[in-house]
Amino acid sequence: MSNKIMIVSGGASGLGLAAAEKFAKNGYNIVLIDVNEEKGKKAEEKIKGMGVDAVFCLCDISNKEQVQKAAQIARERFGRADVLINNAGLEVRGSILQCEEDDWVRLYEINLKGIYYMSNAFVPMMVEQKKGAVVNTGSILGYRTVPERAAYSSSKGAIDTLTRSMAFDLAQHNIRVNCVVPGAIDTPLLRGSINDSPDPAETEKVLGSKSVFGRMGTSEEVANVMYFLASDEASFVTGAAYFVDGGWSIM
Ligand SMILES: NC(=O)c1ccc[n+]([C@@H]2O[C@H](COP(=O)([O-])OP(=O)(O)OC[C@H]3O[C@@H](n4cnc5c(N)ncnc54)[C@H](O)[C@@H]3O)[C@@H](O)[C@H]2O)c1
């Protein structure tokens, strides 16, 4: 087993949990960051059951003190940080005319300031090691427009720009920074909005039609790309946005 450490925000569910499982399968010890205590504890047990060490930190990534505490726990327990997956995100619906100010601010606090807090707290360990990899989770909606996602789409577009800026600045420390751009992926988040829609079967069909394969993606298909981007196989890849969208972006 390696002594490598992977930290993932939103690690209790969906893409974050799939990433934790992928890295655990490959011998990484995992730090799970999430606001959902019940699912976070379950995820911790699941990862431990895979024969590696795991710690769940109940932490809201938009809260600086909580993020710093989580980084302190990780440092005390493992003493290093090899991979950081900035994955937790919030989706709020509404056009610029409909979106409430509180929702707008909350979304930006999580989707962008959360990445700043997390990176600011965990990347210094990578700087000390003179090596590391960061993967941010963007979204196809940062590149393709659907109705009434003004705050979400703009925040995900900004994650692409932030990724390139981080990649430029952190290269001197031998830290690579990339971004995955998921299309429609069948996670608890998307399943919830499918089930809440007026016609779930039709909504699922429409989401499937956003891929040239005629289906939604799986969390594992995104986690595989996160793993590649963080691995030494991608040693000359930085500042990139990797589309894991089943071809939505070429349609
Ligand atoms: N599912 C998709 O189709 C899709 C497509 C494009 C992008 N994404 C992005 O992928 C990421 C993960 O989404 P998912 O589909 O796996 O959703 P999910 O709901 O299954 O998982 C998200 C997790 O993040 C946690 N979380 C939310 N706010 C948090 C906070 N402030 N601090 C810490 N944890 C927090 C939640 O508790 C949850 O466990 C998000 O950034 C989302 O925008 C998803």
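**Exercise 1. Establish how strand E1 and strand E4 pair, and place them in the sheet.**

Solution. Strand E1 (residues 5-9) and strand E4 (residues 83-86) pair in the parallel sense over three bridges, where two strands count as paired if DSSP finds at least two bridges between them. Within this pairing, Val8 has Ile85 of E4 as its bridge partner. The model is a predicted one, in which local features need pLDDT of at least 70 and side-chain atom pairs count only at pLDDT 80 or more, while totals for chains, interfaces and linings use all residues. Residues are numbered from 1 along each chain as its sequence is written. Strands (E, at least two residues) and helices (H or I, at least four) are DSSP runs, numbered from the N terminus.

The next step is the sheet itself, which is open, has seven strands in the order E3-E2-E1-E4-E5-E6-E7, and shows parallel pairing. Strand E3 (54-58) and strand E7 (241-244) stand at the edges with a single partner strand each, so one side of each has no neighbour in the sheet. From one strand to the next, the twist averages 15°.

**Exercise 2. Identify which strands H3 and H5 touch when they pack on the sheet.**

Solution. Take H3 to begin with: this helix touches E1, strand E2 (29-34) and E3, and its direction makes about 160° with that of E3. H5, in turn, packs on the sheet by touching strand E5 (132-137), strand E6 (175-182) and E7, with its direction at about 165° to that of E6. Such angles run from 0 to 180 degrees between N-to-C directions, and the axes are lines fitted to C-alpha atoms, for helices over the stretch in contact.

**Exercise 3. Describe how H4 packs against H5 and against H3.**

Solution. Two packed helices are described by the angle between their axes and the distance between the axes. The axes of helix H4 (residues 101-129) and helix H5 (residues 150-170) come within 10 Å and cross at roughly 20°, which makes H4 roughly parallel to H5 (angles under 35 degrees count as roughly parallel, over 145 as roughly antiparallel, 65 to 115 as roughly perpendicular and the rest as oblique). Residues making this contact include Trp104, Leu107 and Ile115 of H4 and Ala158, Ile159 and Leu162 of H5, contact meaning that C-beta atoms, placed from the backbone, lie within 7 Å. By class, the contact of H4 with H5 holds 13 nonpolar, three polar and one charged residue; Ala, Val, Leu, Ile, Met, Phe, Trp, Tyr, Cys and Pro count as nonpolar, Asp, Glu, Lys and Arg as charged, and the others, Gly among them, as polar.

For the other partner, helix H3 (residues 64-78) and H4 pack at about 20° with their axes 9 Å apart, and they are therefore roughly parallel to each other. Lys64, Val67, Gln68, Ala71 and Arg75 of H3 meet Tyr117, Met118, Ala121, Phe122 and Met125 of H4, a contact of seven nonpolar, one polar and two charged residues.

**Exercise 4. Work out how H1 and H8 are arranged, and what surrounds the ligand.**

Solution. H1 and helix H8 (residues 219-230) pack at about 55° with their axes 8 Å apart, which makes H1 oblique to H8. Among the residues that meet are Gly14, Ala18 and Lys22 in H1 and Glu220, Ala223 and Tyr227 in H8.

Turning to the ligand, Gly10, Gly14, Gly89, Thr187 and Leu189 come nearest of the 31 residues around the ligand, a residue being near if its C-beta atom, placed from the backbone, lies within 6 Å. Helix H1 (14-25), E2, H4 and helix H6 (188-196) each supply at least two residues of this shell, which divides into 14 nonpolar, 13 polar and four charged residues.

How values were computed: Two residues are in contact if their C-beta atoms, placed from the backbone, lie within 7 Å.
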